[in-house]
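Have the sequence and the 3D view ready side by side. This briefing walks you through a few places worth finding, grouped by topic.

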Amino acid sequence: MPRPHDFSATNSTLGFEDVKRQLGIGSNTLSKLIKLHLINRASGNERNRYTGTSIEKLFPARSNYLRIPKSEEKALICSIGYETGNCVPSMYVDATGPRNLDRLIDIKQHVTGDEWVLLENNELRVTGYWSLSKEDSDFLTEQHCLVLASYAGFILDGGRLIREIEGIKTHRGRRAFLVEPLGDPERETYAQSYLLSRQGPINRVLTAAELETAAEDQAEFDSNCQR
């Protein structure tokens with residue numbers, strides 16, 4: 001569990017090592033969060049200092065280990081890309097800029113008219129292209145399972161898988177999905193949590209039991225670090 005800190009002052013800043021201690025993370029994780037602009041550099045002449053307000057926003061997630069009910073069975077956890085035009089980290093297709101026009105045309109040709117209207121209104125989104133087995137894809141979409149976005153271990157976004165968009169042009173047979181973004185109640189439950197980021201594939205299908213074990217292991221590790 002990260003150590004509490006008073007971020008109430010609007011001008012509160014911390015150094016790199018202090019941020020690591022406060023959030024209970026390593027150098028690589030912190031560097032990723034800075035690169036994703038989830039932790040902001042302090043303005044002015046404070047070199048290698050970071051704003052307390054941006055760090056404070058990550059506290060609720062870091063202190064809440066990701067779990068899902070047994071009834072959910074499985075969830076798809078995806079590492080995050082970056083929507084350059086909107087300047088935000090995202091697990092969705094980057095629909096910004098003229099270089100993605102062909103991608104948008106391809107998506108439009110493989111969704112219904114009603115789905116396209118919902119996509120234009122951001123009521124549905126299209127995920128990035130994930131390496132996933134047909135068996136996992138079928139199960140996750142048939143059960144409308146959770147897809148959750150991992151920002152270097154911080155789960156801050158997610159949705160419900162609606163269906164795979166079959167026939168879409170993807171790299172090396174990867175799959176893209178229609179997703180309904182989480183509403184407020186589920187966002188509060190799932191999209192403010194933490195799952196230790198590990199080396200390996202950028203997307204993982206994890207069972208409720210695996211997430212429970214991971215949460216227990218992380219809780220024990222954090223507890224030992226505070227002794």
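Leaving aside its neighbours within four places in sequence, Y190 is in contact with nine residues that you can look up one by one: L66, R67, I68, P69, E72, L146, L148, I155 and L182. Keep in mind as you look that this is a predicted model. Y190 itself sits in helix α8, which covers residues 184–190.

**Y190 and its surroundings**

- Is Y190 buried or exposed? Its relative accessibility is 7%, so Y190 counts as buried, the cut-off being under 20%.
- Try finding N64 too: N64 and Y190 are 126 residues apart along the chain, yet their C-alpha atoms are separated by 9.2 Å.

**The chain as a whole**

- You can trace nine helices and eleven strands in the chain.
- The chain has 227 residues, and 45% of them are buried.
- Take the contacts between residues at least 6 apart in sequence: 66% of these join residues at least 24 apart.
- The accessible surface of the chain is about 12400 Å², and carbon and sulfur atoms account for 48% of it.

**The nonpolar cores**

- Which members of the largest nonpolar core touch the most others? They are I39 and F154, in a core of 34 residues.
- Several elements give two or more residues to this core: the helices α1 (16–23), α2 (27–35) and α4 (59–62), and the strands β3 (74–79), β7 (146–151), β8 (154–164) and β9 (177–181).
- Another core lies apart from this one; it has 15 residues, including L146, I155, L182 and L206.
- Beyond its neighbours within four places in sequence, I39 is in contact with V19, L23, L30, L33, I34, Y50, S54, I55 and L58.

**Helix α1, one side at a time**

- Four residues of α1 are buried: V19, K20, Q22 and L23.
- Why do they lie on the same side of α1? They cover an arc of only 165° around the axis, and this puts them on that same side.
- The buried residues of α1 pack against β1 (13–15), α2, β2 (49–51), α3 (52–56) and α4.
- Just after α1 comes G24, with a positive phi of about 65°.
- E17 and K20 form a salt bridge, with their closest N and O atoms 3.2 Å apart.
- These two are three residues apart in α1, so about one helical turn separates E17 from K20.
- E17 is partly exposed at 44% relative accessibility, whereas K20 is buried at 16%.

**More salt bridges**

- The structure holds eleven salt bridges.
- One of them joins R67 and E212, whose closest N and O atoms are 3.0 Å apart.
- This pair links distant parts of the chain, 145 residues apart: R67 is in the loop between α4 and β3, and E212 is in helix α9 (residues 208–225).
- D136 forms a salt bridge with K74, with 3.9 Å between the closest N and O atoms.
- D136 belongs to helix α7 (residues 134–142) and K74 to strand β3, so this pair ties together parts that are 62 residues apart in sequence.
- E72, R160 and E186 are joined into one network by salt bridges that share partners.

**S150 in strand β7**

- S150 is part of strand β7, and it counts as buried at 10% relative accessibility.
- A polar atom of the S150 side chain lies 3.0 Å from the backbone nitrogen of G153.
- Leaving aside neighbours within four places in sequence, S150 is in contact with I77, C78, S79, I80 and I155.

Technical notes
Residues are numbered from 1 along each chain as its sequence is written. This is a predicted model: local features need pLDDT of at least 70, side-chain atom pairs count only at pLDDT 80 or more; totals for chains, interfaces and linings use all residues. Side-chain values use heavy atoms; hydrogens and water are left out. A nonpolar core is a set of buried Ala, Val, Leu, Ile, Met, Phe, Trp, Tyr and Cys residues joined through side-chain atoms within 4.5 Å. Buried means under 20% relative accessible area, exposed over 50%, partly exposed in between (1.4 Å probe, protein chains only). Contact means heavy atoms within 4.5 Å. The arc is that of the directions from the helix axis to the C-beta atoms. Accessible areas come from the Shrake-Rupley method with a 1.4 Å probe; for residues, only the protein chains shown count as cover. A polar contact is a pair of N or O atoms within 3.5 Å; within protein, one must be able to donate a hydrogen and the other to accept it, and residues adjacent in sequence count only if both atoms are side-chain atoms. A salt bridge is a side-chain nitrogen of Lys or Arg within 4 Å of a carboxyl oxygen of Asp or Glu.
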